[in-house]
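Work through the exercises below with the model open. Each task is followed by a stepwise solution.

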Number of protein chains: 2
Amino acid sequence: MVFENPPASELITISGVQTLEKGGELNNPVVAVERLGPEDAPVILIFTGLSPGAHVASSEKDKSPGWWEFMVGAGKAIDTNNFQVICVNSIGSCRGSTGPASINPDTGDYYGADFPDITIWDIARMTGLALAEINVQEIFCVIGPSMGGMTALAWVISYPQTTKHMINISAAMEADPFAIAIRSVQREIIHTDPEFMDGNYAIDAEPLTGMMLARKLGLISYRSTSEWRNRFGRKEDGTGSEIESYLQFNAEKFCRDFDANCYIKLSQTMNWFSLMDEINSPVDELAESKLESALIVSVSTDILFPPHQQKDLADLLNKSGIETTHLEIDCPHGHDAFLVDEENFSPVVKDYLGSISG
Amino acid sequence: MVFENPPASELITISGVQTLEKGGELNNPVVAVERLGPEDAPVILIFTGLSPGAHVASSEKDKSPGWWEFMVGAGKAIDTNNFQVICVNSIGSCRGSTGPASINPDTGDYYGADFPDITIWDIARMTGLALAEINVQEIFCVIGPSMGGMTALAWVISYPQTTKHMINISAAMEADPFAIAIRSVQREIIHTDPEFMDGNYAIDAEPLTGMMLARKLGLISYRSTSEWRNRFGRKEDGTGSEIESYLQFNAEKFCRDFDANCYIKLSQTMNWFSLMDEINSPVDELAESKLESALIVSVSTDILFPPHQQKDLADLLNKSGIETTHLEIDCPHGHDAFLVDEENFSPVVKDYLGSISG
């Protein structure tokens, strides 16, 4: 397995021992970020879903396509001519930031199973500490899809005086029981793979059977039934149906460079997160923040973070006096729509950024 | 593991070697049925979903509750005062009918991994042969939910001159790619359990880890997100969330008496089934059948067999000149609604049977 940091990412070290929400500690943790666009332009801070790294879009420094290539770049919806874009790889991941597949500076060995539990709040807080190291204090707009949307909420609560606007896509104030169940079965599939060995597998011998199956189940939940109906033949034959080949291909691609312990840690953060349970009065806290407006985006066919959750979030923000728009995109691409549906997502993001840039 | 036949079921042996659709053979296969109500009354034939046996409702012979207890019995929607009810355990199951957990008369040992592939068409045809053994030739109404709905369709095509009416619930002419994917991952989870040993496990040492996980995934797909939202607390704690306990409890219950090879064989039948691909002209074949009317029932929140599939089925039947009604029940119980939603399902079935009994 290779956990290489893409060339355009910067590794920012946070000095000292950092205590995490669940009590664990990280010594000199690293946060990987990618910065695109002029350094003196207003900052757009992007948190990612569970699996992408900080490499959000291609640039001179890294010409390979980023995970949000259609959205970010010169002249695109998130225009790097007008904004400085900072994309963050979450703590706990294996794409540059400190996570279970990183070397523990205290032991010289991989963290592996010893990596402490992390939460969405930790991801937000470590990002704040990292941005302080590079003197980024003011955020024009924070953007987060999926897990990144949860992190964006934790960010706004954790650093209430930094951020003026927010785009929150296909995320929620807390996970839905259906999503909790799917993720819990995914983790159990990995746990029960004999190669997992309670997380103590060698870094180059990950529990591939469990990871493949967990990822396949993830892929099923990320897209919609209607998309697959149009895309795939229906039937199995002796060698497997089209949809099975699709799952196999995409799970293999993912498992080539994603660490099982990282997957488990990040999956858990989403099940734990709850704005309502963990914050005394979210309405008041948000009202006291610098947040002026927000755009909340739903996808009609998302079964993992269904639209009613984004409606609830928009209601909360409006109650806090933040001018909030809730848009539901009617498309067949399910939870992953923001990654593939350029046609619907680009104008929505572009129009909102245009409206707040005034 | 115990594969006991409930006392009210009859085991009907079909004499001779029977060749199956995929080329395999069964020597003297057995079909388990349960008969309730007067023997001279019009027959209602019930096919089941993947897991239930023939024990559909309690009676003098077996006082334990059946799998459709609220629906079948004296004075109930399927009234055993007026109808003879015959419920069928599918070939391939482990609840009385011949399946992988049965003894192969040729070897004296369990079939296990040697059990041949079966299809929905085989389930229908073996049922026809078994009913011939007990001189049941005329069916007033065939009823099937889920896999049983597919079997009811195969029944009507296979025995076109036997059956006057049909109730088809939460089923389809062919599986949806989403359902195919879920079932394919379920089977792969069992296949990759080291205890599965290519199906060659001892009958009392089934691959429990894989079965538990496959069943949990099944349970997730059988219910709806909205039901779980109302039913369960959202969060995980150290010992697991409410929804995880629910999955654990129900999967344990199921795995206590369901055989892994049976699960795999029956799961496969649903992925293979296609009325459109396998029958030259379903419209013409159905038009030439004795079928006069049909009731097709959908559940709004079913993600496994979504309502558009039942609409397609109703359209096909209407095109064949069969007077068909399509009803969509708007309830939060998902695919399993017919098993739990007495309030919505009893009147629907009762009214239809009343209307055709004239």
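## Exercise 1: the interface between the domains

Task: state how much area is buried between domain 1 of chain A and domain 2 of chain A, and what share carbon and sulfur atoms give.

Solution. The buried area is about 2,600 Å². Carbon and sulfur atoms give 65% of that area. On the side of domain 1 of chain A, A:Leu50, A:Ile303 and A:Leu304 supply 24% of what this domain buries against domain 2 of chain A. No other three residues supply more. The model is predicted, and these totals use all residues.

## Exercise 2: bounds and contacts of the domains

Task: locate the two domains of chain A, then count the residues in contact.

Solution. Start with the bounds. Domain 1 covers 9-174 + 273-357, and domain 2 covers 178-270. Next, take the C-alpha centres of the two domains: they lie 24 Å apart. Then count contacts: 33 residues of domain 1 of chain A touch 27 residues of domain 2 of chain A.

## Exercise 3: polar and charged pairs between the domains

Task: find how many salt bridges join domain 1 of chain A and domain 2 of chain A, and inspect the pair formed by A:Arg95 and A:Asp257.

Solution. There are three salt bridges between the domains. For A:Arg95 and A:Asp257, the closest N and O atoms are 3.2 Å apart. This pair forms a salt bridge because the cut-off is 4 Å. Polar contacts across this interface come to seven residue pairs, both residues at pLDDT 80 or more. On the side of domain 1, helix 1 (120-133) and helix 2 (147-158) of chain A are the elements that give two or more residues. The residues of that side divide into 20 nonpolar, ten polar and three charged.

## Exercise 4: the interface between the chains

Task: describe the contact of chain A with chain B by residues, area and salt bridges.

Solution. Count residues: chain A gives 42 and chain B gives 42. Take the area: about 3,600 Å² is buried, with 67% from carbon and sulfur atoms. Now the charged pairs: the count is four salt bridges. In one salt bridge, B:Lys216 meets A:Glu188 at 2.8 Å, N to O. Eight residue pairs, both residues at pLDDT 80 or more, are in polar contact between the chains.

Last, sort the side of chain A. Elements giving two or more residues include helix 4 (208-222) and helix 6 (242-255) of chain A. Helix 3 of chain A gives the most, with eleven residues. By class, this side has 20 nonpolar, ten polar and twelve charged residues.

Technical notes. Residues numbered from 1 in each chain as written. Chains lettered and ligands numbered in written order. Predicted model: local features only at pLDDT ≥ 70, side-chain atom pairs only at ≥ 80, totals over all residues. Heavy atoms only, no water. Domains from an automatic or database assignment. Contact = heavy atoms within 4.5 Å. Buried area = accessible area lost by both parts, 1.4 Å probe. Salt bridge = Lys/Arg side-chain N within 4 Å of Asp/Glu carboxyl O. Polar contact = N/O pair within 3.5 Å; in protein donor to acceptor, adjacent residues only side chain to side chain. Helix = DSSP H or I, 4+ residues; strand = E, 2+ residues; numbered from the N terminus. Nonpolar A, V, L, I, M, F, W, Y, C, P; charged D, E, K, R; others polar.
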